[in-house]
Amino acid sequence: MGIKNFVAIDIETTGVSPAIDEIIEISICRFEEGELVESWETLVCAKHPVPREITRLTGISSQDLQRAPCWEEIADLVRDKIGELPVVGHNVEFDLGFLRARGIYAGHFFDTCQLARLLYPGLSSYSLAAVASFLGLKLGERHRARWDAELAGQLFLLMQAEVEQRPLPWLTMVAKWANPAWSLGKLIRETAEAALKAGFAQLPPTMEWLTAGQRLQYADSAVTDSGLTIAEIFATGGPLARVFNQWESRAQQIELAEAIFTALANERHLVAEAGTGTGKSLAYLLPAAKIAIREGARVVISTNTLALQEQLLEKDGPVLQQIFPGLKILPLKGRSNYLCWRRWWELVDGSESWDQETWTLAGRLAWWLHITKTGDEAELRLHGPDRSKWDLLKAERDICLGNACPWQKCCWVQTNRLAAQKAQLLVTNHSLLCTDLKLEDKVLPGYDYLIIDEAHNLEEVAQRHLGLRLGEIDFRRWRTGLWRRPFGGQGPLGVLESLPLREIKEELLPVKSLSQEVESREKEFWEFIASGERLPEVVGDNYLLKLKMLVDSLNKLVSQARAWNQEGLIAESLLSELGGRVNQGQELVETLEIWLQQPFSNWVYWIEDGNICAVPVEVGPILQEQLWSRKKSVIFCSATLSIAGKNHYYAESIGLRASDYKEIVLSSPFDYRNQALLLGVAEGPDPGREEDRLAEYQAAMLLQLLSHSEERVLALFTSYKHLNTVADLIAEPMLQMGRKLLLHGRDGSRGRLIQEFKSIDGAVLFGTQSFWEGVDLPGDLLRMVVIMKLPFAVPTYPPVQAKMELCRQAGKNPFTRVSLPRAIIQFKQGFGRLIRTAEDWGLVVILDPRLKNKSYGREFLNSLPEVNVEWAHPREIGLKAKTWLEARKMLQYLT
């Protein structure tokens, strides 16, 4: 069974355009009865020089091709070797595109990348190497045609075997959804038909099979405290030492844990900075567990990043449960993280109109739904087009049918919320914490104790979630969703219109007319927003008026439909869905009205990237009134909260009064004087005044550093514009050095860039805002961090500008009270990317001369751990870096 006779191909090219670029290598591997019987490969002479980037990627240079045959000499041979056999390859349509441009056509083809995406939901990458590694295949020489072709052939055989092992319900579903013309669909269909003929048992109902692996079932169970003190738990020979083979008791960790336990026990707030390496997570998890058990209470732990949530749940949680058997530590995320069953079936109902990408995603989701216990999309690691499709499948509050939903009993949102109510420790994120605040405690189960890790992010997250940000797509998606579904089929109004009810049809006429008027006004309104021109008041008012009228008409329609529905001709679920859509429209009306009329004097209103935006200038008073004052104890924890050893700036920014909290600032246990050097430039253009000279100057500094060192380098920027300008200046010299340059915003997602950075010796990664924190690259993975500019926020950015003006009106200095503290905290985050373990060592290079030449530079330095600081003339910075690195390598060798 299956396809055992085929050819696997791979080509290397000078670029991505079949019409312009050239083939420089091709390999064709023939498989018969599942065995490799022939491997053929050849270089191909190119008419133009091979780009340096291609040489770096493949190892093929123009010189290598001088004696190679030209394409015309091998074209017939290539055609003969492919013959009538099916063609297999990884992203094979790329290869086939180049062949078609040269008059060679294949019949059936099978893309191993698409097949892997169909079969294996949740892989972090679907590259040839990543899939092969996942399946246990030995990797050859990357980006050479023969190895890639053979590997693709082996993958295809392994994945066919996987298809044959898949349960019949999955096979029949995916086969049913496939277009008959698709080769992979044909493969799935033939496998399903063979399984049916083999006499398999009768198929279980589809929904029953999909939910077979489902449920988070957590019954109440007893959990007791051992009675040990915090110090005894952390001590050498204590419970933690029995869990970890090489446990080392750390004074800072014990001090932090005891301070947190005391604050929780005495119902006080605590603002705690603990340097990198302190072991913050266990230092708050253990006291939280003891308090939860002692008080019979729930402790909520909020983080900013998914990485930290995963660490708490997957790494630290099991440790806690060994010390406190029966303890429940569970995650809870916002609705949009979970799949909505109703929307899933809406997707399936439109399968006749799918493209191959949607079919592949649906197949992945079908298998994932069978095995997942949470319904959390993070398990899928979606990106690109798949990520945008998830937005049409996720659960949403405004269109939730509640008890009227036919899938309510297996709703992932409800499942996870019910489980969360059984947890002693509940791990969530800052976004959901603020959503719960905004919705008045309707999301999280009740709690009195709160621990906020990565607390330095809280003010920004709270400001964003308590404010508003909407674009044209939000309004258009709502309006069009009334009439038709995203994946095909009728929306609630379309369904109503098709019913044989004269009263409904008559009532729909004004709704349809108003919908068309809203569409016209919508177009005019958002064209003004996108242009950046001043919005005429009449344009905004007219759009708002028509939108209100449409929502009012919909409300009336829902009421009348319920009154007319005496015989039950209209499904209750349809009316509930339409009611949810009306509520969604009402929220859009209220949001637009707030932005147009600007009723809140303590908010700032602006336009950004075609979106209407508004946020409260200060969130501290809101957080104090609605959160801190209502909780028994809140712990704020981060590696970067203090300015010159004090946490008062942070406390003030989130609304804590001096009498509300205690504070603690603990230094890192790392020996920064011996592990790191901060190397700064002694002179150069002032980034605040000479921006036109800055990029060329910094490009020259970077090239010096790269020419004197082969280490991986992370360069941190404060804007994409600056990043791209510097990148353009150094791209060509870096190619000549054979160094790989990875650019945030241009070369892939943050996660993908970090994975590629780890895999390439000597890689250079340019990152902006999100790379200043949460990047963990210990040891040889990172030896040099370059901070391009001190990270002052753009003073003209409306929220920053508004806060500075508020500060000015209060008679305070906006630079020292707003700009400088924020910049110092982000600077500390960037500095913290380098040393991640007690064995790490490396350089932090600052290419901003203001650190040395401005009086406030001392405040930046005073907020860092005790580290040696040296200054270098711009012409000597590369040599100084090289000297220190070589000396440190020698010390490591000797010890």
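**Close-up 1. What happens right where helix H25 stops.** Just past the end of H25, Gln 598 adopts a positive phi of about 50°. This is a predicted model, so treat that angle, like everything below, as a computed value. How far apart should the ends of H25 be? The helix covers residues 572–597, and its 26 residues at 1.5 Å each should span 38 Å. The end C-alpha atoms sit 37 Å apart, which agrees with that expectation.

**Close-up 2. The hairpin of E12 and E13.** Strand E12 (603–608) and strand E13 (residues 611–616) make a hairpin with two residues between them. In the turn, Asp 609 has a positive phi of about 50°. Six bridges hook E12 to E13, and the two run antiparallel. If you want a spot to zoom in on, Ile 607 stands opposite Ile 612 of E13.

**Close-up 3. The open sheet E11-E13-E12.** Pull back from the hairpin and you get three strands in an open sheet, ordered E11-E13-E12, with antiparallel pairing. Strand E11 (468–471) and E12 stand at the edges with a single partner strand each, so one side of each has no neighbour in the sheet. On average, neighbouring strands here are turned by 15° against each other, ignoring direction. E11 pairs with E13 over four bridges, in the antiparallel sense. In that pairing, Leu 470 has Ile 612 of E13 as its bridge partner. And what lies across these strands? Helix H23 (residues 502–531) does, touching E11, E12 and E13 and running at about 70° to E13.

**Close-up 4. The open sheet with E15 at one edge.** Here seven strands form an open sheet in the order E8-E9-E7-E10-E14-E6-E15, and the pairing is parallel. Strand E8 (329–331) and E15 are the edge strands; each has a single partner strand, so one side of each is left without a neighbour in the sheet. The average turn between neighbouring strands of this sheet is 15°, direction ignored. Zoom in on the E15 edge: strand E6 (residues 269–274) and E15 run parallel, joined by six bridges. Ala 272 has Ile 664 of E15 as its bridge partner. Helix H12 (residues 251–265) lies across E6, strand E10 (449–452), strand E14 (633–638) and E15, at about 175° to E15.

**Close-up 5. The second largest pocket.** How much space lies in this pocket? About 580 Å³. Its lining counts 31 residues, with Ser 667, Ser 863, Leu 864, Pro 865 and Glu 866 nearest the centre. Strand E15 (661–666) turns up again here, as one of the elements that each supply at least two lining residues. The others are helix H28 (672–675), helix H33 (814–831), helix H35 (857–862) and strand E22 (868–872). Sorted by class, the lining has 13 nonpolar, 11 polar and seven charged residues.

Terms used: Residues are numbered from 1 along each chain as its sequence is written. This is a predicted model: local features need pLDDT of at least 70, side-chain atom pairs count only at pLDDT 80 or more; totals for chains, interfaces and linings use all residues. Side-chain values use heavy atoms; hydrogens and water are left out. On a 1 Å grid over the protein atoms alone, a cavity is a set of points where a 1.4 Å probe fits but cannot get out, and a pocket is an open set with protein on both sides within 12 Å along at least five of seven lines; lining residues have an atom within 4 Å of a point. Grid points are joined across faces, edges and corners, and a volume is the space filled by probe spheres set on the points. Ala, Val, Leu, Ile, Met, Phe, Trp, Tyr, Cys and Pro count as nonpolar, Asp, Glu, Lys and Arg as charged, and the others, Gly among them, as polar. The expected span of a helix is 1.5 Å times one less than its number of residues. Two strands pair if DSSP finds at least two bridges between them. Axes are lines fitted to C-alpha atoms, for helices over the stretch in contact, and angles run from 0 to 180 degrees between N-to-C directions. Contact means heavy atoms within 4.5 Å.
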